[in-house]
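Biologist: I'm new to this one, so could you take me through a single part up close? I'd like to hear about the cysteines, and then whatever lies inside around them.

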Amino acid sequence: MTETVDALAGLVAGGGVVVLSGAGLSTESGIPDYRGPSGAARRHTPMTYQVFTRDAQARRRYWARSHLGWRVIARAAPNEGHRAVARLQRGGLVDGIITQNVDGLHTAAGSAGVVELHGRLDEVVCLDCGNQTSREELDRRLREANPGFDARVAAVNPDGDVDLADDEVAAFRTVDCTFCRGGMLKPDVVFFGETVPAPRVARCFDLVGRARLLLVLGSSLTVMSGRRFVLRAAKLGIPVVIVNQGPTRGDGYATLTVDAPLGRLLPALADRAAGGADPGAVAAGLTGVGR
């Protein structure tokens with residue numbers, strides 16, 4: 001562990017770091033990931049934008065499951081990994097944070113200017129008029145519309161969706177936009193099959209293009225939404241470091257890969273990098289660590 005931290009600190013201590021985080025960073029806050037060690041129990045595929053907008057029954061099923069799952073997400077607190085990233089930013093080493101997560105935990109931990117690539121689960125948007133409201137307000141309305149709904153949550157997923165039997169959602173009542181009186185409500189997150197807003201993607205590319213180092217934390221980089229930033233960094237000759245439990249689809253582009261729990265490694269990294277890395281220790285640490 002010490003050699004690994006020294007190797008990472010030697011790369012991070014120079015500053016100019018842009019962080020790209022994924023679901024693996026939030027697992028220690030009680031939110032499982034899709035493909036890592038805690039994601040093995042997922043029994044249904046994520047909701048797609050096309051199904052959500054076209055199928056009223058699927059939409060009812062989503063809201064019933066998400067209504068319960070949101071309570072778990074809302075109670076989640078930043079873990080030591082989130083706090084360590086915020087410390088690195090406050091110390092002037094991290095210039096930007098791009099997260100694929102929708103849980104808002106980077107900001108809750110004290111990080112500033114976080115680019116939430118896939119949106120935030122605590123915000124709701126009307127697809128008809130564009131009006132935005134808080135998830136707390138929607139939660140209140142759904143509770144009022146479903147006073148007897150108290151299904152048991154078997155498992156929660158990173159998008160706030162949970163596993164429920166069909167008979168448990170049959171009587172669930174959805175609600176519509178109160179601003180335009182009838183518009184379709186959707187969490188203000190990017191569903192599978194939906195496109196990330198172009199200005200948001202451009203902002204991320206700009207951050208990566210100006211980075212000295214791209215640090216990937218807790219992402220398998222399976223989908224192109226996040227992997228494209230690794231590809232851009234590699235094309236520009238910007239070093240990529242990946243810390244994740246398990247292999248990723250970006251490993252071939254990385255200067256260094258580390259398989260370790262983020263909640264343990266990142267606080268140690270923040271301590272070490274903030275104090276400055278000794279070149280001799282860094283050289284020793286690179287031997288036999290990652291790639």
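Modeller: Let's start with Cys177, which is buried in this predicted model, its relative accessible area being just 6%. The closest cysteine sulfur to its own belongs to Cys126, 3.8 Å away, and that's too far for a bond. Cys126 is buried as well, at 2% relative accessible area. Its sulfur has Cys129 as the closest cysteine partner, at 3.6 Å, again too far for a bond. A disulfide needs the two sulfurs within 2.5 Å, and the count for the structure comes to zero disulfides.

Now for the nonpolar interior. In soluble globular proteins, nonpolar side chains tend to be buried together. Here the largest nonpolar core has 28 residues, and Val12, Val243 and Leu266 have the most contacts inside it. Helices and strands both feed this core with two or more residues, among them α1 (2–12), β1 (17–21), β8 (240–243) and α10 (262–274). The largest share, six residues, comes from α10. Take Val243: setting aside neighbours within four places in sequence, its contacts include Leu8, Leu215, Leu217, Val258 and Leu265. Apart from that core lies another, with 27 residues, including Tyr62, Leu105, Ala145 and Val169.

Leu105 turns up once more, in the lining of the largest cavity, along with Thr99, Asn101, Asp103, Gly104, His106, Val114 and Glu116. That lining has two nonpolar, four polar and two charged residues. The space inside is about 40 Å³, and a search of the whole structure turns up one cavity of 30 Å³ or more.

How values were computed
Residues are numbered from 1 along each chain as its sequence is written. This is a predicted model: local features need pLDDT of at least 70, side-chain atom pairs count only at pLDDT 80 or more; totals for chains, interfaces and linings use all residues. Side-chain values use heavy atoms; hydrogens and water are left out. Buried means under 20% relative accessible area, exposed over 50%, partly exposed in between (1.4 Å probe, protein chains only). On a 1 Å grid over the protein atoms alone, a cavity is a set of points where a 1.4 Å probe fits but cannot get out, and a pocket is an open set with protein on both sides within 12 Å along at least five of seven lines; lining residues have an atom within 4 Å of a point. Grid points are joined across faces, edges and corners, and a volume is the space filled by probe spheres set on the points. Ala, Val, Leu, Ile, Met, Phe, Trp, Tyr, Cys and Pro count as nonpolar, Asp, Glu, Lys and Arg as charged, and the others, Gly among them, as polar. A nonpolar core is a set of buried Ala, Val, Leu, Ile, Met, Phe, Trp, Tyr and Cys residues joined through side-chain atoms within 4.5 Å. Helices (H or I, at least four residues) and strands (E, at least two) are DSSP runs, numbered from the N terminus. Contact means heavy atoms within 4.5 Å.
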